Amino acid sequence: MMLHATAPLTGKAVACKGSRSVPCVAPRTTARRLPVARATSTESDEIALLEKALSIAKERAAKAKEVAAAPPATAAGGYSGPGFTIKTFNAISPVGLERFPAGKYVVSGDDAKLPASPMAIMLRSHQLKQEEVPPTVRCIVRCGAGVNNIPVPKMTELGIPVFNTPGANANAVKELVICGLLLASRGILEGNKYTEEVIYKEENMDYDKVAKRIEKDKAKFVGCEIEGKTLGVVGLGAIGGRVVNAALALGMKVVGYDPVLSLDAAWKLPGDRMARAESLEDLLKVSDYVTVHVPYIKGATHHMINGTNLKQCKPNVSFLNFSRTEIIDGEALRDMYKAGRLTGKYISDFADPFLSGHPKHLVIPHLGASTEEAEDNSAAMAAETVKDFLETGTIRNSVNFPQTVLDKKPGHIGGRLCIVNKNEAGVLGQITTFLGTQNINIEQQINTSRGDIAYTVLDFGKVEDPAGLQAGLAKACPAIISSRFIGNVFDDELGQPGTYFYVKWANSA
Ligand SMILES: O=C(O)[C@H](O)COP(=O)(O)O
C-alpha cells in the first residue's frame with residue numbers, strides 16, 4: 001500500500017489533527033484533467049512522507065545510540081566503582097535505556113564499548129544464539145512478549161532467568177488486531193492495490209476518469225460489517241483480553257478460549273458478555289473471525305490451528321495471526337483454500353511459507369508492537385525488571401524462573417546470596433547446613449521452584465570472603481548451578497557489580 005491520503009490530491013500539505021508524522025493533503029475543489037505531471041506530484045508527496053517517516057526513525061535510533069554510548073559518568077551519590085554491564089541487541093527505546101543510572105550501569109550494543117563482559121542481555125526479536133551468552137550473563141530480558149527467539153530451555157539449564165514484559169505492548173497489538181478485523185471484512189487492501197495498479201494505470205492518471213472508475217469498480221470490493229458477527233479469541237492474556245473488550249465495544253459477539261487462563265487475566269474479562277468455549281473446536285465451530293493470542297511453544301501451540309480442526313470452521317471464517325507464523329498450519333490452510341472449503345481471509349504480520357502471494361493471505365510487516373508507546377513501555381518495563389534482579393535478586397515476569405521477591409529488612413547490613421540449583425530433594429538442607437558450618441546465621445530466606453529449577457535467596461550478616469563461601473557451598477551442594485553474592489549494592493565494596501558470581505558450567509568448561 002502506498003503511503004498517501006485517499007483521493008487524488010492537489011499536493012498541498014495542510015496540518016492534520018492528531019497526526020504527528022504524516023501530513024494530510026488538501027482535497028481538490030474542482031475537477032480537472034490531471035496532466036502527466038500529476039504522477040510526479042503524487043510521487044513527490046509520497047517521497048516527502050517517506051522521508052519524514054525515515055527522519056523520525058533515524059532520530060529515535062540516534063537517540064538510542066547516544067544513550068547506549070554515553071560514557072560512564074559518575075553516579076549520583078558519589079559511587080565511582082564499576083557498573084553493571086548490559087549488552088543490547090536490536091534498537092531499544094531510549095526511554096528504557098535511560099532508566100539505567102549513568103555511572104552504575106553501562107549499556108551498549110557493542111561489546112568493545114562495555115568495560116566488562118555483559119552481565120545482562122536486553123533484546124527484541126534478535127535470534128539469540130547460545131554462543132552469544134557468556135558465563136558472566138546473569139539474566140536476559142526480552143522487550144516484548146514472545147521469547148521464541150531465545151533458547152529458553154538451554155538458558156534454564158544454565159541457570160539464567162529469561163524475562164519478558166507481558167502487557168507492555170498489548171494495546172498496540174490490540175489496535176492492529178482491530179485493524180485486521182476490518183481488513184478481513186472490507187476490501188481495503190485489495191481495493192487500494194487495485195486502484196493503484198489497475199485504475200491509475202488504465203486511466204492514465206486522468207482524474208475525471210479515475211474518479212468515475214473508482215465509483216464504478218467499488219462493486220468489486222463489497223464487504224460485510226463486523227457488528228453482530230462472532231469473534232473467536234484464542235488466548236485470553238494481556239492482548240487477548242483487550243481484544244475481547246474492544247470487539248464487544250464494536251458490537252461483536254465474542255467467544256474466548258484459553259486452556260491456561262490465569263486468575264489475573266480472568267478478572268479482566270467481561271465474563272457476563274463473553275462466551276467461554278470449552279475447547280478450541282467449540283470456538284472454531286461458531287466463529288466468523290478467529291484471532292490467536294498465544295505464545296509460540298514447540299510441541300504445545302505449534303500448528304494449534306491445523307488440517308484437522310480447520311474442518312470444523314465456518315466456510316467463510318477469517319483468521320488473524322499477530323502472534324507467530326507457526327501457530328497456524330499454513331499448508332493446511334492453503335489446501336483448504338485450494339479445495340474451496342474455506343473462503344475467508346488470513347491477515348497476519350508474519351509471512352507464511354505456504355501462502356506467500358496467495359490472494360487470501362494479506363501480510364504486513366511485523367508491526368504489532370511497533371508504536372512509539374509500545375516500544376517505550378516495553379523497554380522501560382524491561383529495564384526495571386533487570387535492575388531489580390541485578391540489584392536485589394528479585395524475579396518478576398520470568399518465563400522460566402519462579403516469581404521470587406524477598407524484601408530486604410530495613411537497615412539490613414550484610415550479604416544476600418542468590419542461588420540457582422537443580423530442583424532436587426535435600427538441596428535446601430545442604431545449603432543451610434553448610435552455612436551453619438561457616439557460622440553464618442540466616443536472617444531471612446525464600447526458596448521457590450519451577451520445573452527443574454529452584455531458586456533460593458538468603459540474607460545474613462557480614463561475611464569476610466564471599467568468593468570462598470560460594471566455592472565451598474558449590475562443593476558441598478553439587479546441585480548448585482550458580483550463585484551470586486549481593487552486598488549493599490553501590491554502597492560498599494562487597495556490593496560492587498561484577499563481583500562474587502559463581503557459575504558451575506564456566507568453572508567446569
Ligand atoms: O513478541 C512481541 O512482543 C511482539 O511480537 C513484538 O516484537 P518486536 O519487539 O520484535 O516488535
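**View 1. N169 and its polar partner on the ligand.** In this predicted model, a polar side-chain atom of N169 is placed 2.9 Å from an oxygen atom of the ligand. R324 likewise brings a polar side-chain atom to 2.9 Å from an oxygen atom of the ligand, and for H366 the distance between an N or O atom of the side chain and a ligand oxygen is 2.8 Å. On its own the ligand has 320 Å² of accessible area, and the protein covers 90% of it.

**View 2. The shell of residues around the ligand.** The ligand is surrounded by R124, S125, R142, C143, G144, A145, G146, N169, R324, H366 and A369. Sorted by character, this shell holds three nonpolar, five polar and three charged residues.

**View 3. The domains of the chain.** The domain assignment divides the chain into domain 1 (59-163), domain 2, which is made up of two segments (170-187 + 223-363), and domain 3 (402-506). Taken over C-alpha atoms, the centres of domain 1 and domain 3 are 24 Å apart, and their contact draws on 19 residues from domain 1 and 15 residues from domain 3.

**View 4. The interface of domain 1 and domain 3.** Between domain 1 and domain 3 an area of about 1300 Å² is buried, with carbon and sulfur atoms giving 73% of it. On the side of domain 1 that touches domain 3, the residues comprise eleven nonpolar, five polar and three charged ones. Zero salt bridges are found across this interface, while one residue pair, with both residues at pLDDT 80 or more, is in polar contact between domain 1 and domain 3.

Key: Residues are numbered from 1 along each chain as its sequence is written. This is a predicted model: local features need pLDDT of at least 70, side-chain atom pairs count only at pLDDT 80 or more; totals for chains, interfaces and linings use all residues. Side-chain values use heavy atoms; hydrogens and water are left out. A residue is near a molecule or strand if one of its heavy atoms lies within 4 Å of it. A polar contact is a pair of N or O atoms within 3.5 Å; within protein, one must be able to donate a hydrogen and the other to accept it, and residues adjacent in sequence count only if both atoms are side-chain atoms. Accessible areas come from the Shrake-Rupley method with a 1.4 Å probe; for residues, only the protein chains shown count as cover. Ala, Val, Leu, Ile, Met, Phe, Trp, Tyr, Cys and Pro count as nonpolar, Asp, Glu, Lys and Arg as charged, and the others, Gly among them, as polar. Domain bounds come from an automatic or database domain assignment. Contact means heavy atoms within 4.5 Å. Buried area is the accessible area (1.4 Å probe) that two parts lose on being put together, summed over both. A salt bridge is a side-chain nitrogen of Lys or Arg within 4 Å of a carboxyl oxygen of Asp or Glu.
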